[in-house]
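Hi there,

Here is the structure I promised to pass on. Have a look at it first, and my notes follow underneath.

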Amino acid sequence: MYIEFVLPSGAGGLAPQMTAYEIRKSVKEWATKHQIWYDTKVVKYTLRIVFDDDSICNFFVLSYEGKRPYRIVDPLNNLT
C-alpha cells in the first residue's frame, strides 16, 4: 500500500514541481515528528509516499494534517 497525491499539470512543469515540494516538505515534517521512514516516487502526475509497513498508511490517514487531498492505494486492488 502507498499514499498517492495527484499533482497538477501545466505551467511548463512548474506547478507540479512546486506542489510536489510542498507535499514532500509537509510529509517530511510529519515523518520526523513520528520517527517514521518513508520513500517518495513521482509517477506521471502523481507523488507516491511508500512506507515499510502497510499499517503506517492507516496511521498516516489518522495523524497527517496536510492541505492536499490524497488517497491510499493498494496495488493488488489497483490492477486496471
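**The largest pocket and its surroundings**

The largest pocket holds about 190 Å³ of space. Please keep in mind that this is a predicted model. Nine names to look for in your viewer make up its lining: Ser26, Glu29, Trp30, Lys33, His34, Ser63, Tyr64, Glu65 and Gly66. Helix 1 is the main contributor to that lining, giving five residues. By character, the lining of the largest pocket splits into two nonpolar, four polar and three charged residues.

Next, the helices. Helix 1 covers residues 14-34 and helix 2 covers residues 55-63; their axes come within 12 Å and cross at roughly 110°. Because angles of 65 to 115 degrees count as roughly perpendicular, that crossing makes helix 1 roughly perpendicular to helix 2. On the helix 1 side, the contact is made by Val27, Trp30 and His34, and helix 2 brings Ile56, Phe59, Phe60 and Ser63. Five residues of this contact are nonpolar and two are polar, with no charged ones. Trp30, His34 and Ser63 take part in the helix contact and also appear in the lining of the largest pocket.

Finally, the strands. Strand 2 (residues 38-43) pairs with strand 3 (residues 46-51) in the antiparallel sense, over six bridges. Lys41 sits opposite Arg48 of strand 3. The two strands form a hairpin with two residues between them, and Lys44 in the turn has a positive phi of about 55°.

Happy browsing, and best wishes!

Technical notes:
Residues are numbered from 1 along each chain as its sequence is written. This is a predicted model: local features need pLDDT of at least 70, side-chain atom pairs count only at pLDDT 80 or more; totals for chains, interfaces and linings use all residues. Side-chain values use heavy atoms; hydrogens and water are left out. Two strands pair if DSSP finds at least two bridges between them. Helices (H or I, at least four residues) and strands (E, at least two) are DSSP runs, numbered from the N terminus. Axes are lines fitted to C-alpha atoms, for helices over the stretch in contact, and angles run from 0 to 180 degrees between N-to-C directions. Angles under 35 degrees count as roughly parallel, over 145 as roughly antiparallel, 65 to 115 as roughly perpendicular and the rest as oblique. Contact means heavy atoms within 4.5 Å. Ala, Val, Leu, Ile, Met, Phe, Trp, Tyr, Cys and Pro count as nonpolar, Asp, Glu, Lys and Arg as charged, and the others, Gly among them, as polar. On a 1 Å grid over the protein atoms alone, a cavity is a set of points where a 1.4 Å probe fits but cannot get out, and a pocket is an open set with protein on both sides within 12 Å along at least five of seven lines; lining residues have an atom within 4 Å of a point. Grid points are joined across faces, edges and corners, and a volume is the space filled by probe spheres set on the points.
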